[in-house]
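Grab your viewer and work through these short exercises. Try each task before you read its solution.

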Amino acid sequence: MKFFIDTANLDQIKEAQDLGILDGVTTNPSLMAKEGITGKENIKRHYQDICKIVDGDVSAEVIATDMAGMIREGEELASLHDQIVIKLPMIKDGIKACTYFSKKGVKTNVTLVFSPGQAILAAKAGATYVSPFIGRLDDVSTDGLNLINEIRMIYDNYNFSTQILAASVRHTMHIIDCAKLGADVMTGPLHSILGLLKHPLTDIGLEKFLADYKKGN
Ligand code: E4P
């Protein structure tokens, strides 16, 4: 499973990159705003800064909601760096724009996916990634992980090459559950990734090893 970090915070991206396990970054307009990155030119520069830190795919989301606007914006974003993946909303024009970019060999990520039907359309449009939002489904008393399971089954039935990018991951157990279900990628906050490191028996064991070493040296 590939690990993406879901943030526009450069320090957190660096910290995850330094671990040596990072495969990419996802952002969205809300994450950009959270870091105080506003204005088209600043946002474009920020994407370039992110690409300098990581080696893998960096999702950059369009703001337009009509096909022509999405294509214009997407082409601008794709020209910033070859790591940029165009993030398109799961709406009718988003699917049309996805088909357009797929035919041109430009990578895409269809976002705001909440149902298996939407995931089928994204795959048919040739999306590189589909982003089911598991945390937001959990927020409304619907099992987000079940959606990952359903999409995995459907994609495997037809050998769709679209990668399932489990998004809106909120905590460490989401990552483990997504791995069990065969998600191709997960994108989550830094704390959810760092949570994978933790086990009290590791800390207790290390403390004892070091104490025993000190006794004999
Ligand atoms: C995915 O690409 C989105 O940026 C993100 O995962 C949404 O997460 P949230 O529901 O925690 O805002």
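Below are three exercises on a predicted model, each with a worked solution.

**Exercise 1.** Work out which residues surround the ligand, and how the shell splits by class.

*Solution.* Start by listing the neighbours: D6, T26, N28, K87, F133, R136, A167, S168 and R170 surround the ligand. Next, sort them. F133 and A167 go in the nonpolar bin, T26, N28 and S168 in the polar one, and D6, K87, R136 and R170 in the charged one. That gives two nonpolar, three polar and four charged residues.

**Exercise 2.** Find polar side-chain atoms that pair with ligand oxygens, then say where the ligand sits and how much of it is covered.

*Solution.* Take N28 to begin with: a polar atom of its side chain is 2.7 Å from a ligand oxygen. Then try S168, where a side-chain N or O atom is also 2.7 Å from an oxygen of the ligand. R170 comes in at 2.9 Å, again from a polar side-chain atom to a ligand oxygen. Each pair passes the 3.5 Å cut-off for a polar contact. As for cover, the ligand on its own has 350 Å² of accessible area, and the protein hides 87% of that. Its home is the largest pocket.

**Exercise 3.** Count the disulfides, then check whether C51 and C178 are buried or exposed.

*Solution.* The disulfide count is zero. For C51, the nearest cysteine sulfur belongs to C98 and is 19 Å off, against a cut-off of 2.5 Å. Now the accessibility: buried means under 20%. C51 has a relative accessible area of 4%, so C51 is buried. C178 is at 0%, so C178 counts as buried too.

Terms used:
Residues are numbered from 1 along each chain as its sequence is written. This is a predicted model: local features need pLDDT of at least 70, side-chain atom pairs count only at pLDDT 80 or more; totals for chains, interfaces and linings use all residues. Side-chain values use heavy atoms; hydrogens and water are left out. A residue is near a molecule or strand if one of its heavy atoms lies within 4 Å of it. A polar contact is a pair of N or O atoms within 3.5 Å; within protein, one must be able to donate a hydrogen and the other to accept it, and residues adjacent in sequence count only if both atoms are side-chain atoms. Accessible areas come from the Shrake-Rupley method with a 1.4 Å probe; for residues, only the protein chains shown count as cover. On a 1 Å grid over the protein atoms alone, a cavity is a set of points where a 1.4 Å probe fits but cannot get out, and a pocket is an open set with protein on both sides within 12 Å along at least five of seven lines; lining residues have an atom within 4 Å of a point. A molecule sits in a cavity or pocket if more than half of its atoms lie within 2 Å of its grid points. Buried means under 20% relative accessible area, exposed over 50%, partly exposed in between (1.4 Å probe, protein chains only).
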